[in-house]
Amino acid sequence: MSKILIVEDETIIRNALRKLLERNQYEVSEAPSVKEATSKFQLKDFDLIISDLRLPGAPGTDLIKLAGDTPVLIMTSYASLRSAVDSMRMGAVDYIAKPFDHDEMVNAVKRVIGKAKAATKAASGTVAASTAIAGMIGASDVMQDLYNRIHKVAPTNATVLIHGETGTGKELVARALHEESNRNNHLMISVNCAAIPDTLIESELFGYEKGAFTGAANNREGLVAAADGGTLFLDEIGELPLEAQARLLRVLQEGEVRPLGSVESRKVDVRLVAATHRDLRKLSKEGKFREDLYFRINVVQLELPPLRERGRDIINIAESLLQRYCAQFGKPQLKLSSAAMDAIMSYNWPGNVRELENAMQRAVILCEDSTEIGDHLLSIDMDSNDDLDDNTGSSVLEPARLANRSAGAASEDLSLEDYFQRFVLEHQDTMSETELARKLGVSRKCLWERRQRLGIPRSKSSAAVGSAK
C-alpha cells in the first residue's frame, strides 16, 4: 500500500482528500503546514506528498527540497499558471488546479506514483527505460505509453490507424513505425487524401493505363505500387471517396492493385498506416466511410494526445523549437521569459504542435531583445481558452443539489464538489464573478455554467459587486 502525505491548511479539503485516497487503498497521513509535516514525519518514508502551494508559514514548494527523492504534487486554486510553472521549475513532479473532481485527483496520484516506481526499477536495472522516438519530444506518461506501443507494433506487418487532432504529429508516428519495421530498406510513400481532388485520387493511388481517360497519354504507376515492399501512409483517410475506398479494400484483402483502364492486376506487398482526426466509426454508420474498410484498417489504433494534455512537454517542445529557429534565422540563442512560459502553459493550443511551431517562429522573427522572448511576441489568442473551457470544464464537477444535502452534515464529510459550492456561496456576496473565477481557477464562462449545473443561483450582492467594479 503506497503512503501519501497531504499538506493542506483547509480542513474541508484535507479531510475530503484523505477519505478519497483511503477509499482507493492508499495509506494517508496529513499535516496543516510545512513545519508540522517536517517535525511530525520523515518525508522520505512517503511515496508521494500532495501539498497546497500557499500555506501558513512556509510555502508548499519548500517541501520539494526537503522531500529528497519523494515526488511532490502541488495544488493551487489560482487561475494564473505562473505559480504552477514556477513550482515545476523548482522540481514539483506535477500540479493540479483546485477545484478538481475525484477521478482527476486519483488518476494524477496513480500516474505520479507509478512513474516514480517505474523510474526506481529502471535505475536498479530490473526494467528497461522506455526509448523515445526520433523526432518526437516528450516525456509525459501519455507519450511514454505511445512510445511503448510504437515499439511493440512497428516490427509487425499489422495495419495501424493513427487517431489525433490536426497538428499532433501523426506523420512522425507513421515514420517511426516504418523506420522500426523490417521494411525500412524500402520506401515509405505518404499521401494526404485531403489534398488531392476526388477526380484524381484514384489515378494517383492506383495508377492508370494509356487511354484510360482523356489526357492519359502514357501508362503510369500509382502510389500504392510505388510503395511495394514498403509502407503506404494515408493521412486523413476519412476524406477518401467511397469509390477509392473500395479499391483500397481490394488491395488490403487480395494484396493486389489494378490500374484504371487495365484488365490485369498486379501483386503488391504493402503495409498500410492510416491517420485521421475524424471518427471513422461514426462516419461508417452515416454511410460516409465503408464499414468493411474501417474494420480492416482498425487492427491497431494509436491515439496521439493533444498538446494541452501533455503537461511539461509543451515547454520542452517550445524550447527545442526556439533553438531551431534561432539557428535558422541567425539570431543569438534566446530564452523564454516567465510570462511567455505562463502563456504557453495556460493556452489550449487548438492547432497543437503546428500552432506552437508558428508561434515560436513568429516570436523569433519579431524579437528585438537579445536575451529573451516575451509573451506579447507569441501573439496567441488567450480569449479562445474560454471556448474550450465551456466544452470541457463544466464536466469537471458532477452536478449536486444543495437541497439534498443534510443541514447537519459535518464539514469533514464534504466532498470536493461540496467545497466548490460552499466557496461560491460563502464568497459571492463579497467577490465579483471575475474574482470568484480567478480564485477557483476557471474562466467566468465556466463559473456561470457550473452555477447552472450545480444549481447555485447568482446572488444580487454578487451582481452588485461585479457592476461596481
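**The open sheet**

Start with the sheet of this predicted model. Select strands S7, S8, S11, S6 and S12: these 5 strands form an open sheet in that order, with parallel pairing. Its edges are S7 (188-192) and S12 (300-303), each of which pairs on one side only. From one strand to the next, the twist averages 20 degrees.

Now zoom in on one pair. Strand S8 covers residues 231-235 and strand S11 covers residues 271-276; they pair in the parallel sense over 4 bridges. Select Phe233 and look across to S11: its bridge partner there is Val273.

**Helices across the sheet**

Add helix H6, residues 141-153. H6 lies across S6 (160-163), S11 and S12. Against S12, helix H6 runs at about 155 degrees.

Next, show helix H7, residues 170-179. H7 lies across S6, S7, S8, S11 and S12. Its angle to S6 is about 155 degrees.

Stay on H7 and show the side chains of Arg175 and Glu179. They meet in a salt bridge, 3.9 Å from N to O. Both residues lie in H7, 4 residues apart, about one turn of the helix. Residues three or four places apart in an α-helix point the same way, because there are 3.6 residues a turn. Arg175 is partly exposed at 34% relative accessibility. Glu179 is partly exposed too, at 43%.

**Helix H8 and its packing**

Move to helix H8, residues 198-206. Which residues of H8 are buried? Select Ile201, Ser203, Leu205 and Phe206. What do the buried residues of H8 pack against? Show S7, helix H9 (223-226), S8, helix H10 (242-254) and strand S9 (256-257). Then step just past the end of H8 to Gly207, which takes a positive phi of about 80 degrees.

**Around Gly230**

Select Gly230, in the loop between H9 and S8. Is Gly230 buried or exposed? Gly230 counts as buried because its relative accessibility is 0%, and the cut-off for buried is under 20%. Now add the residues that Gly230 touches beyond four places away in sequence: Arg183, His186, Leu187, Asp269, Val270 and Arg271. Draw a distance from Gly230 to Arg183, C-alpha to C-alpha. These two are 47 residues apart in sequence and 5.1 Å apart in space.

**Two residues with positive phi**

Most residues other than glycine have a negative phi. Two stops here have a positive one.

Go first to Glu236, in the loop between S8 and H10. Glu236 has a positive phi of about 55 degrees although it is not a glycine. Glu236 is buried, with a relative accessible area of 10%.

Then select Asn352, in helix H15. Phi of Asn352 is near 60 degrees, again positive in a residue other than glycine. Asn352 counts as buried, at 0% relative accessibility.

**A nonpolar patch**

Follow H15, residues 352-366, to Leu366. Switch on the surface. Phe329, Ile365 and Leu366 make a nonpolar surface patch of about 270 Å². Leu366 counts as partly exposed, because its relative accessibility is 47% and partly exposed runs between 20% and 50%.

**Salt bridges**

The structure holds 17 salt bridges. Besides the pair in H7, visit two others.

Select Lys267 and Glu256. They form a salt bridge whose closest N and O atoms are 3.8 Å apart. The pair links distant parts of the chain: Lys267 is in strand S10 (residues 266-267), Glu256 is in strand S9, and they are 11 residues apart. Which of the two is exposed, and which is buried? Lys267 is exposed, with a relative accessible area of 58%, whereas Glu256 counts as buried at 15%.

End at a network. Salt bridges that share partners join Arg14, Arg18, Glu22 and Glu30 into one network. Within it, pick Arg14 and Glu30: their side chains meet in a salt bridge, 2.7 Å from N to O. Arg14 lies in helix H1 (residues 11-23) and Glu30 in strand S2 (residues 27-31), so this pair ties together parts that are 16 residues apart in sequence. Arg14 is buried, with a relative accessible area of 12%.

Terms used. Residues numbered from 1 in each chain as written. Predicted model: local features only at pLDDT ≥ 70, side-chain atom pairs only at ≥ 80, totals over all residues. Heavy atoms only, no water. Patch = residues over 30% accessible without salt bridge, like charges linked within 9 Å, V, L, I, M, F, W, Y side chains within 5 Å. Areas by Shrake-Rupley, 256 points an atom, 1.4 Å probe, with all protein chains shown as cover. Salt bridge = Lys/Arg side-chain N within 4 Å of Asp/Glu carboxyl O. Buried < 20%, exposed > 50% of the residue type's maximum accessible area, 1.4 Å probe, protein only. Pairing = 2+ DSSP bridges. Axes fitted to C-alpha atoms, helices over the stretch in contact; angles between N-to-C directions. Contact = heavy atoms within 4.5 Å.
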